[in-house]
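Visitor: Could you take me through one part of this model closely? I would like to look at the second helix, its side-chain pairs and its neighbours, and then see how that part sits in the whole.

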Amino acid sequence: MSKRSAYIEKMGAQLREWNGQLDVLKARYDKKKADVKIDYYDLLDKAKKRSSVAQKQLRDIGDASEDTWEGMKDGFEKSWKELKSTMEKVNSRFK
């Protein structure tokens, strides 16, 4: 084998090794990206559901009589805290 052939074989082997490493890294990145998407959609879904609950409770408070709305306020504030916490997670995790 000539020096040139040995050189080409050596460099080709190195390139194949690096390409293999790049393929593995790309697969890991794609998996992480998919995991992030799943996490993102789950968190957004949770936030939207909590927002819907809070909106309904707020409408109910608006429709309630002066005598009963105070009793509904505690449930709304609990929902509000849960929604606020979820929104903080969304904002911190996906900036």
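Guide: Happily; what follows starts with the helix itself, moves to its partners and ends with the overall form. Please keep in mind throughout that this is a predicted model.

Let us place the helix before we look at its side chains. The protein has two helices and zero strands. Helix H2 covers residues 69–93, while helix H1 covers residues 3–63.

A good place to begin on H2 is its aromatic pair. The count of aromatic pairs comes to one. That pair is Phe76 with Trp80: the ring centres are 5.9 Å apart and the planes meet at 35°, so the pair is tilted. The reasoning rests on the cut-offs, because planes under 30 degrees apart would count as stacked and those over 60 as edge-to-face, with the rest being tilted. Both residues belong to helix H2, four residues apart, which is about one turn of the helix. Their surroundings differ in class: Phe76 is buried, at a relative accessible area of 14%, whereas Trp80 is partly exposed, at 48%. For Phe76 the label follows because buried means under 20% relative accessible area.

Now turn to the charged pair in this helix. Glu82 and Lys78 form a salt bridge, and their closest N and O atoms are 4.0 Å apart. These two are also four residues apart in H2, and about one helical turn separates them. Glu82 is partly exposed, with a relative accessible area of 31%, and Lys78 counts as exposed at 55%.

Next come two polar residues of H2 that are worth a closer look. Ser79 lies in helix H2 and counts as buried, with 10% relative accessibility. Leaving aside residues up to four places away in sequence, Ser79 touches Val53, Ala54 and Gln57. Since helix H1 runs over residues 3–63, you can find those three partners of Ser79 by following H1 in the viewer. Further along, Thr86 is found in helix H2 as well, and at 2% relative accessibility Thr86 counts as buried. With the same sequence neighbours set aside, Thr86 touches Leu43, Lys46, Ala47 and Arg50. So what covers these side chains can be read in part from their contacts, because contact here means heavy atoms within 4.5 Å.

With those contacts in mind, let us cross over to helix H1. The structure holds four salt bridges, and among them are two in H1. In one, the side chains of Lys49 and Asp45 meet at 3.2 Å, N to O. Lys49 and Asp45 are four residues apart in helix H1, about one helical turn. Lys49 is exposed, at a relative accessible area of 53%, and Asp45 is partly exposed, at 38%.

Another of these bridges joins Lys56 to Asp60, where the closest N and O atoms are 2.9 Å apart. Lys56 and Asp60 again sit four residues apart in H1, separated by about one helical turn. Both partners are partly exposed: Lys56 has a relative accessible area of 46%, and Asp60 has 27%.

Helix H1 also offers something at the surface. Tyr7, Ile8 and Met11 make a nonpolar surface patch of about 310 Å². Met11 is found in helix H1 and is partly exposed, with a relative accessible area of 32%.

Finally, let us step back to the whole chain. The radius of gyration is 28 Å, well over the 12 Å that the globule rule gives for 95 residues, so the protein is more spread out than a compact globule. The C-alpha trace spans about 95 × 15 × 15 Å along its principal axes. Buried residues make up 11% of the 95 residues; Phe76, Ser79 and Thr86 are among the buried residues we have met. Of the contacts with a separation of 6 or more, 62% are between residues 24 or more positions apart. The accessible surface comes to about 8200 Å², and 56% of that surface belongs to carbon and sulfur atoms.

Note on methods
Residues numbered from 1 in each chain as written. Predicted model: local features only at pLDDT ≥ 70, side-chain atom pairs only at ≥ 80, totals over all residues. Heavy atoms only, no water. Phe/Tyr/Trp six-rings, centres within 6.5 Å; stacked < 30°, edge-to-face > 60°. Buried < 20%, exposed > 50% of the residue type's maximum accessible area, 1.4 Å probe, protein only. Rg over C-alpha atoms; globule rule 2.2 N^0.38 Å. Areas by Shrake-Rupley, 256 points an atom, 1.4 Å probe, with all protein chains shown as cover. Patch = residues over 30% accessible without salt bridge, like charges linked within 9 Å, V, L, I, M, F, W, Y side chains within 5 Å.
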